[in-house]
Protein chains: 2
Amino acid sequence: MGNQMTEMLKGTLEGIVLAILEARPAYGYEITAQLRDEGFTDLAEGTVYALLVRVEQRGFVDVTKVPSEKGPPRKVYTLNAAGTAQLAEFWTTWTFLSGRIEHLRADRTSTHQQTEGDD
Amino acid sequence: MGNQMTEMLKGTLEGIVLAILEARPAYGYEITAQLRDEGFTDLAEGTVYALLVRVEQRGFVDVTKVPSEKGPPRKVYTLNAAGTAQLAEFWTTWTFLSGRIEHLRADRTSTHQQTEGDD
DNA sequence: ACCGGTACCTAGCGTTACGTTGTACCGGTA
DNA sequence: TACCGGTACAACGTAACGCTAGGTACCGGT
């Protein structure tokens, strides 16, 4: 199915996760569950963990281990200053790209008939 | 620079090019120039050609060779039925993803960590 | 003792955009 | 003639990212 979605998530999933962490700290299993609950039903669990490892290594998040009554200890990720900056960059890039694409979609609705502005 | 943009283009650039071709047939060099003109200044020329080869092999476009007075013959790409269907799928995926991300941005603006209905 | 839910992690794979380089055609200029 | 820059296409290797498909470990209920 979502082969299209798979490719489209590249580059955006990191921003999505950082945005989630900006709202409140969370751990991997929780983030995966939340995203699946919000429509990303095919999201692989391993994808989120790999992403979290990446953003941790880049210094965008701080990590705290919190014991759980239900299983192994949770690794709770908190967005730090560098992560906030990265997230801001994400929004900038997203806004530009989104604007370009929506512009294409708007063109689509009004570009029906004749030839204009050919060269 | 646009490392962020590079990753975000994965999965979206194909849809962007298909949308351009929906408006009117075009050839590689022209598409690259148009995209650069519209803000994708760092877009590599080779990227567009590789993408066009891909969509051609998948049968989303028809190709016609047209002689040029300025250089080698142009390969003009025209969106066909399969391409139109693929483009429709792109818009579906994009609309969903865009909606989710904009939802996250909307949440960001109301940063009271008070519990309120977020949906 | 077993199973399912919780919670984490990893190796290899396929796809995609980039960097770089090369080919070929043409008109203008020294 | 010889060279250069703009036009136009193509190929090769690299890096990044999400997915597949596993595995480890803790816990309570049957």
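This is a short tour of a predicted model, starting with chain A and ending at DNA strand D.

**Stop 1: chain A.** Select chain A and switch on the cartoon view. You'll find 5 helices and 3 strands. Trace the chain from the N terminus, and the elements go α-α-β-α-α-β-β-α. Now try a surface view: chain A exposes about 6900 Å², with carbon and sulfur atoms supplying 52% of that area. Of its 119 residues, 38% count as buried.

**Stop 2: the surface near DNA strand D.** Next, select DNA strand D and the residues around it, 30 in number. Which elements should you colour? In chain A, pick α1 (3-9) and α4 (45-57); in chain B, pick α3 (28-37), α4 (45-57) and β3 (74-79), since each of these supplies at least two residues of this surface. Colour by class and you get 11 nonpolar, 8 polar and 11 charged residues.

**Stop 3: the nearest residues.** Show side chains for A:Thr47, A:Arg54, B:Tyr29, B:Arg74 and B:Lys75, which come nearest to DNA strand D.

**Stop 4: phosphates and bases.** Which part of DNA strand D should you look at here, the sugar and phosphate or the bases? Of its atoms within 4 Å of the protein, 76% belong to sugar or phosphate, and the rest to bases. Zoom in on B:Tyr29: one of its polar side-chain atoms sits 2.8 Å from a phosphate oxygen of DNA strand D. Then hop to B:Ser68, where a polar side-chain atom is 3.1 Å from a phosphate oxygen of the strand. Finish at A:Lys10, where an N or O atom in the side chain lies 3.2 Å from a base oxygen of DNA strand D.

Methods: Residues numbered from 1 in each chain as written. Chains lettered and ligands numbered in written order. Predicted model: local features only at pLDDT ≥ 70, side-chain atom pairs only at ≥ 80, totals over all residues. Heavy atoms only, no water. Near = heavy atom within 4 Å. Polar contact = N/O pair within 3.5 Å; in protein donor to acceptor, adjacent residues only side chain to side chain. Helix = DSSP H or I, 4+ residues; strand = E, 2+ residues; numbered from the N terminus. Nonpolar A, V, L, I, M, F, W, Y, C, P; charged D, E, K, R; others polar. Buried < 20%, exposed > 50% of the residue type's maximum accessible area, 1.4 Å probe, protein only. Areas by Shrake-Rupley, 256 points an atom, 1.4 Å probe, with all protein chains shown as cover.
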